[in-house]
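Me: I would like to go through this model by asking why each label is used. Please set each value against its definition before you conclude.

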Amino acid sequence: MSDKMRPIPFSQLVTWAIDERKTHNTIFGISQPKIYKPKSNRQIKLFGEALETPIGPAAGPHTQLAQNIVASYLSGSRFFELKTVQILDALEFPKPCIRAEDECYNTEWSTELTIENAFAEYVKAWFLVHLLQKELFDQNERRFMFNMSVGYNLEGIKSPKVDHYIEGMKDASNTDVFKECKSYLLAHLDQFKHVDREFIEEISAQICTSITLSTMHGCPPAEIEAISKYLIAEKKLNTFVKMNPTLLGYRYVRDTFDQMGYSYIDLKEESFSHDLQYADGVAMLTRLKSYAKEYNREFGVKLSNTLPVRISRGELPGEEMYMSGRSLYPLTINLALRLASEFDGDLKISYSGGADAFNVERIFDTGIRPITVATTLLKSGGYTRFKQMAEQLEPQLDGQESSSIDLVKLKALADSAFADEYHLKEKRPVASRKIRKQLPLTDCFIDPCSVGCPIGQDIPEYIRLVGEGRYQDAFEVIVARNPLPFITGTICNHNCMTKCTRLDYEEPIQIREMKLIAANKGYDSYVQERVKAQPVKTKAKVAVIGAGPSGLAAGYFLAQAGLEVTIMDRRERAGGTVEYVIPDFRISREAIAKDVKLIEKMGVKFEFGVNPHFSLQGLQAQGYTYIYLALGAAKTNLFQLEGDKDKVIGAIPFLEQFNTSQKPLKPGKSVAVIGGGNTAMDAARAALRVNGVEQVYILYRRTKAEMPADREELDLALEEGVVFKECLAPLSLSGGKLISQKMELGQPDESGRRRPVAIAGAKEELAVDTVITAIGELVDYEVLRKNGIKVDEKGHIACDPETLETNVKNVYLGGDALYGPATVVMGIAQGTQAARAIVAQEGLSWKENGSATIPFDSEKRLLQISEKKGVLKEASADLGEAERCLECNTVCNICTEVCPNRANIALATNQILHVDGMCNECGNCAIFCPYAGAPYQDKFTLFWSEEDFENSQNPGFVCIEPGANPKFKVRLDGKVEIIRSEQEGKSSLPEEALEIIQTVVKEYSYLF
């Protein structure tokens, strides 16, 4: 495909907007409920002009095309900082050029259109926004503002090409495109309800009275000042000059990133030393403020530009990229404070740097305005995120123009930026939420949370049921795949949450907590009314060795299918590691008992105190046809310390003793735990509860941000008083002194994490009586070998990955012994997998009840889901979470939301159509699509010309003969075929592809 965008004629844009609204009640994908309509007449002034709200898109991908600007306006934007133009127009950028999973990176910096085409897009957008303001809201007075942006040096800005652009934006009345737009509207007044001739005639040709100067990093201060003076004096424009976060200095920025968890961001010191220095910047602003006042023009700063960083992990093509988004917020807001303080608050500031619905009110309250955004719009919800911000700001609008910055409020905001959880990296710890499945051509909506769950829980279904108060139904949905709802509702490591679409909003749905609500409120009635032992349907008996999560799950599903099952364990109670290792302050024994009771009620028998050195032959001799070995990892992996080795204990035996009786534990006053996982957190918190312990440390060789422990477990440890010692590698323990090597984070390793590197000669000494090592557990393979199960030297077990059957017939293996220490939910998954194989071997049916219990009212449900889109909302861990769940199992459309150019379109049939002529291959849809794929390359594509069709490899179609029954050239799986929309003979095309073409012809003809 081509990355060249094809500008859409004004007449077609108008037709598109009108027809789409009539047919689908949307305009460029913005639905009626997502259109911002003010509830009052409130506004503010900027440069003497009225603004209905002071927010809008920053110069970037969201102001490059007319339809982008329209989508912004509909969603709530009223200040439009148009994408930067410069003399080197129609640039070729390496693609993809945007990556915005968390903080955003880009490698493009100005419009990809020619200056002439960029000008035409802005004029078309100017008319379209006027048109919509009148037609939708019946407003005559303009309440929005266009602000042009130019760069990058004085010579280029003075060139005839750029000068013609600036003059045209100041007064477009004599330009061809302005006349064309005006004439078209005047000739088609009959298409509108509120738009009349008088309104069209009064649309001003003065598109911009203000400008934002954007210079390249490293531009000399004298050049910036000269350009600013030229724009103020000769071009007579109110001027913002864009300033860079490099003004804060390398050390300040590096320390801020490290403090906030962004230690992996690779900065270049020369980016700071070669850029405008702070003192020079303040002096320049002082002179320019006076200069602007002399010419009766407004002057201010735009904070801030993006931050140049190295491309060190293959994020984008090239060597350098530019960072923006929430990671930039603490830098930008503190730079705003510094500069505003230099002028006692008398400085006009246009803000862009991590603004979103969580901070926009506080930014505005300081007197900063306008506020522009880009990164937040590149995430799920896209343009519709404007509506929430506009609604938040509306009550604060006072009709006035801000005269100064409130330094007290700004200082409070700047100080809080470093601790604000929504700007810390740990708020989004996962690198990617993609699933491993390939993106299909059609029917691609999917719930990534369920796919990410090892047992495939129907998560959106039970969350909706919990939200509706249907707890017993929710519980039934859960136990259809998961017989341990209390255990997993309390201590599951929630893989599902690492795939949740809400990660691209603020934080994932509290899925585990919702499961526990269903368990607590639905268990009793479900067990009483819906659970009973199933009749035995076969003579085969099954022995399950191990009553941990894997064995319990296998037993439950085997019994449910009609097999006689006995679970055996060497201990006195069921639950395995959950019962005997995980402390009761993390999960109550009553909760574990409820899960075990559910399994018992299904008809599973238990035998406890069984000899751990089992014999497969002996079990078979007792009449067991099948045996499932659900074995744990029981051996401790001790950290090798020099010195007093008797003072070193493994976390697992320590926790087992803690849970049995704490009296024998005498670790002394000071304990150090080595490790960074959940077991380390458990051990540290347990140690604090042992009599005589006064101080507990956790030592980790990287920083806290890199610890693998669940964030909530880490936070609980901190709250309880555990002291974290980051970047320490223990060396020796002797005489109550633990000596550790101090580390620092160096260059990124293969995983992308910065490698811990020893600081030469730097050691740290801690007073420590006992060291607890929590660096993983080991599997005892000898018991397997003694029973004839093949295990090689590397611990690889002969086991069918599909059925989990070992080389010994009818003997299956799961639990930690299979692939090493794993999670509870992985144990359940393996137990289910083995049970399914045994059930199939016996020719019995596999029962999956509890799903599809929600009556589906498509129109109502789709409207409810639509209302959640684009709205940032804090997690609540209660029934309010159902209001946050986006129900991706019903509708996705993320690729349509995150595309700035509206090149991905959600058809009414819940299929995605890609429009080639509107795509510049920025790659953003590929980042946010949950699949391992790229919608702009993989989805069925509409081409506007045969030339573009031939220059692409995309599956798709192009109209080669319009008419009542148009003819198309279609490519699918690399093969090209000629068809008509209403095909008389049978086509080789799949029915779903033909349906897309027919749908576009009948309902989306404006796309051609």
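**Labels and their cut-offs**

Me: Asn25 lies in the loop between helix H1 (10-24) and strand S1 (26-27). How do you know what counts as a helix or a strand here?

Reply: Helices are DSSP runs of H or I with at least four residues and strands are runs of E with at least two, both numbered from the N terminus. This is a predicted model, in which local features need pLDDT of at least 70 and side-chain atom pairs count only at pLDDT 80 or more, whereas totals for chains, interfaces and linings use all residues. Residues are numbered from 1 along each chain as its sequence is written, and side-chain values use heavy atoms, with hydrogens and water left out.

Me: Is Asn25 called buried, partly exposed or exposed, and why?

Reply: Buried means under 20% relative accessible area, exposed means over 50%, and partly exposed lies in between (1.4 Å probe, protein chains only). Asn25 has 39% relative accessibility, so it counts as partly exposed. Asn296, in the loop between helix H11 (278-294) and S12, has 66% and therefore counts as exposed.

Me: What makes the backbone of Asn25 and of Asn296 worth a remark?

Reply: Most residues other than glycine have a negative phi, and most peptide bonds are trans. Asn25 has a positive phi of about 60° although it is not a glycine, and Asn296 likewise has a positive phi of about 60° without being a glycine. As for peptide bonds, a cis bond joins Gly151 and Tyr152, with omega about -5°, and another cis bond joins Leu303 and Ser304, with omega about 0°. Tyr152 lies in the loop between S9 and helix H4 (154-158), while Ser304 is in the loop between strand S12 (299-303) and S13.

Me: Why is Asn147 called buried, partly exposed or exposed, and which polar contact does its side chain make?

Reply: Asn147, in strand S9 (residues 145-150), has 0% relative accessibility and so counts as buried. A polar contact is a pair of N or O atoms within 3.5 Å; within protein, one must be able to donate a hydrogen and the other to accept it, and residues adjacent in sequence count only if both atoms are side-chain atoms. The side chain of Asn147 makes such a contact with the side chain of Ser210, at 2.8 Å.

Me: Why are S7 and S8 said to pair?

Reply: Two strands pair if DSSP finds at least two bridges between them, and S7 and strand S8 (residues 104-106) pair in the antiparallel sense over 2 bridges. Ile98 stands opposite Asn106 in S8. The open sheet of 4 strands has the order S7-S8-S14-S13, with antiparallel pairing; its edge strands are S7 (98-99) and S13 (307-310), each pairing on one side only.

Me: What makes a set of residues a nonpolar core?

Reply: The set consists of buried Ala, Val, Leu, Ile, Met, Phe, Trp, Tyr and Cys residues joined through side-chain atoms within 4.5 Å. The largest such core has 200 residues, of which Phe146, Tyr165, Leu307 and Ile333 touch the most other members. Helix H3 (residues 115-137) gives the largest share, 15 residues.

Me: How do you know whether Cys449 is in a disulfide?

Reply: A disulfide is a pair of cysteine sulfur atoms within 2.5 Å, and the count by this rule comes to 0. The nearest cysteine sulfur to that of Cys449 belongs to Cys500 and is 6.4 Å away, and Cys449 is in no disulfide. Cys449 is called buried because its relative accessible area is 10%, whereas Cys959, at 25%, counts as partly exposed.
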